[in-house]
Amino acid sequence: MRPLARRRRALPALLLLLTCSLAFVLASKDIKKAVTPSKNLEKSGMSRKNDIDLKGIVFVIQSQSNSFHAKRAEELRKSILKQAADLMQELPRVLLLHELSEQEGAWTILPLLPQNSSWIFFCEEETRIQVPELLKTLRRYDPLKEWFLGKALHDEESTIIHHYAFSENPTVFKYPDFAAGWALSIPLVNKLTKRLKSESLRSDFTIDLKHEIALYIWDKGDGPPLTPVPELCTDSVDAHCATTFHSFLPLCGNPVKKEDIFVAVKTCKKFHSERIPIVKQTWAGQASLIEYYSDHAESSIPTVDLGIPNTDRGHCGKTFAILERFLNQSHDRIAWLVIVDDDTLISISRLQHLLSCYESGEPVFLGERYGYGLGTGGYSYITGGGGMVFNREAIRRLLTSKCRCYSNDAPDDMVLGMCFSGLGVPVTHSPLFHQARPVDYPEDYLSHQVPISFHKHWNIDPVKVYVTWLAPSEEDKSRPQTQKGFKEEL
């Protein structure tokens with residue numbers, strides 16, 4: 001199998017529409033229960049005159065099939081339904097995106113839902129939702145009009161991850177922060193449906209879904225821009241907030257030990273003196289097990305020559321050699337492999353917390369998710385610059401499959417995505433890994449994250465970036481919350 005060559009240009013996301021069957025639409029058998037007026041509406045500031053029809057809202061949780069993420073999404077669904085039950089109204093439909101379709105790339109799909117709904121509300125599995133406040137908020141907007149609602153983000157300067165869109169003034173274009181939730185009115189969904197039926201779908205890269213969806217909806221001015229909604233919050237706990245988002249590192253028991261994480265750094269001779277000293281000056285000291293893989297053995301570092309010639313573009317041959325070496329030469333006790341570039345900045349201590357939530361028996365391929373040709377035979381993949389994390393089971397299944405590079409200079413991250421897709425092993429996305437530099441993301445977006453990695457030394461001081469964003473601190477020790485704490489907050 002040979003994937004199509006990687007394009008440097010990142011085009012708007014491929015959006016698909018999926019018609020939900022009745023089995024998916026019925027979120028709970030309790031929907032059929034009798035509906036009675038809510039006494040709690042008065043307490044929440046809603047009079048009988050302004051009663052809210054919950055069945056007019058369809059909640060779509062942007063969930064993932066990995067057991068840890070699916071469990072968190074299910075907890076959020078239960079929270080939404082419990083709040084709805086407390087209002088003693090007919091329960092809304094709450095759908096988990098990964099359950100709607102087994103199709104590769106379901107994470108980019110906008111579901112086409114029944115016409116008796118008024119709104120589709122999307123949220124991430126970590127989003128906290130105050131159902132009464134959200135319903136009051138949505139009632140301010142005429143559901144018969146085309147609305148695209150959310151918490152607005154904008155680029156401070158043009159960035160490569162958005163292909164330098166709106167380069168003259170990037171602040172003019174607003175796109176939603178998924179962490180705060182975002183909503184589409186049904187008339188807008190209908191318009192998008194008609195457009196997709198009349199236009200041929202383009203197959204291209206999906207890099208930043210929230211930006212690409214906003215571009216698609218805006219349609220060069222023929223569609224509505226994002227309407228900022230102050231009640232959709234991320235960093236506020238004010239009473240007016242309908243949604244909130246807590247910055248935390250998930251911790252499910254004890255952090256994974258450093259000795260259980262093997263770190264492989266991809267480098268080459270021309271970067272030995274330029275980049276490797278930065279790695280050693282910043283994050284390398286956090287790693288218990290680390291090796292530098294190059295096209296040249298240099299004892300002073302030291303580097304390991306895998307016998308793979310250096311290539312200017314993709315590094316598939318080198319990456320698969322690292323995978324083989326890890327599986328065949330490392331002790332079975334080492335559960336995790338992290339492959340990074342020599343210009344990746346990463347926090348191993350934060351990674352230890354995150355990895356505590358993943359099962360060793362379930363194959364895990366983790367990092368920042370991109371997509372290629374989704375919906376037209378394509379696949380999702382973990383972009384390499386932000387770091388690719390594998391557990392031993394994922395590597396075992398991959399190498400047993402005999403899926404390999406078509407050439408040494410093939411794009412390793414895309415080939416891995418194609419291989420895992422063929423094996424039915426989903427990539428697991430974490431927004432805490434970053435393919436680009438901090439300056440390439442909105443400040444407001446990063447403000448509610450505890451980032452694990454960034455990538456590239458271009459036009460920045462990488463040591464300063466590491467110290468500012470990734471270096472261990474006392475705040476890190478107090479910030480992580482356990483998965484139990486997450487449940488209690490819901």
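In the predicted model, Glu99 has a relative accessibility of 35% and therefore counts as partly exposed. The side chain of Glu99 meets that of Arg77 in a salt bridge, with an N to O distance of 3.7 Å. Because Arg77 belongs to helix α3 (residues 67-86) and Glu99 to helix α4 (residues 97-100), this pair ties together parts that are 22 residues apart in sequence. Arg77, at 11% relative accessibility, counts as buried. The Arg77 and Glu99 contact is one of 20 salt bridges found by a search of the whole structure.

A second salt bridge is formed by the side chains of Arg140 and Glu231, for which the N to O distance is 2.9 Å. Arg140 is placed in the loop between α5 (131-138) and β7 (148-150), whereas Glu231 is placed in the loop between β12 (227-228) and β13 (243-244), so that the pair ties together parts that are 91 residues apart in sequence. Arg140 counts as partly exposed at 45% relative accessibility, while Glu231 counts as buried at 13%.

In a further salt bridge, Lys266 is paired with Asp412, and the closest N and O atoms are 2.5 Å apart. Distant parts of the chain are linked by this pair, since Lys266 lies in strand β15 (residues 261-266) and Asp412 in helix α12 (residues 412-423), with their positions 146 residues apart in the numbering. Both Lys266 and Asp412 are buried. In addition, Arg72, Glu125 and Glu126 are joined into one network by salt bridges that share partners.Covalent cross-links were examined next. The structure holds four disulfides. One of these is formed by Cys252 and Cys357, whose sulfur atoms are 2.1 Å apart; the torsion about this S-S bond is about 90 degrees, so the disulfide of Cys252 and Cys357 is right-handed. The pair links distant parts of the chain, 105 residues apart, with Cys252 in the loop between β14 (250-251) and β15 and Cys357 in the loop between α10 (348-355) and β20 (365-367). Cys252 is partly exposed, with a relative accessible area of 26%, whereas Cys357 is buried, with a value of 6%.

Another disulfide joins Cys316 to Cys405, with an S to S distance of 2.1 Å. The torsion about the S-S bond of Cys316 and Cys405 is about -85 degrees, and this disulfide is therefore left-handed. Because Cys316 lies in helix α9 (residues 316-329) and Cys405 in the loop between α11 (392-401) and α12, the pair ties together parts that are 89 residues apart in sequence. Cys316 is buried, with a relative accessible area of 0%, while Cys405 is partly exposed, with a relative accessible area of 22%.

Cys403 and Cys419 likewise form a disulfide, in which the sulfur atoms are 2.1 Å apart. The link of Cys403 and Cys419 is left-handed, with -75 degrees about the S-S bond. Cys403 is found in the loop between α11 and α12 and Cys419 in helix α12, so the pair ties together parts that are 16 residues apart in sequence. Both partners lie under the 20% limit for burial: Cys403 is buried, with a relative accessible area of 12%, and Cys419 counts as buried at 2% relative accessibility. When the bonded cysteines of the protein are numbered in sequence order, the pairing is 1-2, 3-5, 4-7, 6-8.

How values were computed
Residues numbered from 1 in each chain as written. Predicted model: local features only at pLDDT ≥ 70, side-chain atom pairs only at ≥ 80, totals over all residues. Heavy atoms only, no water. Salt bridge = Lys/Arg side-chain N within 4 Å of Asp/Glu carboxyl O. Helix = DSSP H or I, 4+ residues; strand = E, 2+ residues; numbered from the N terminus. Buried < 20%, exposed > 50% of the residue type's maximum accessible area, 1.4 Å probe, protein only. Disulfide = S-S within 2.5 Å.
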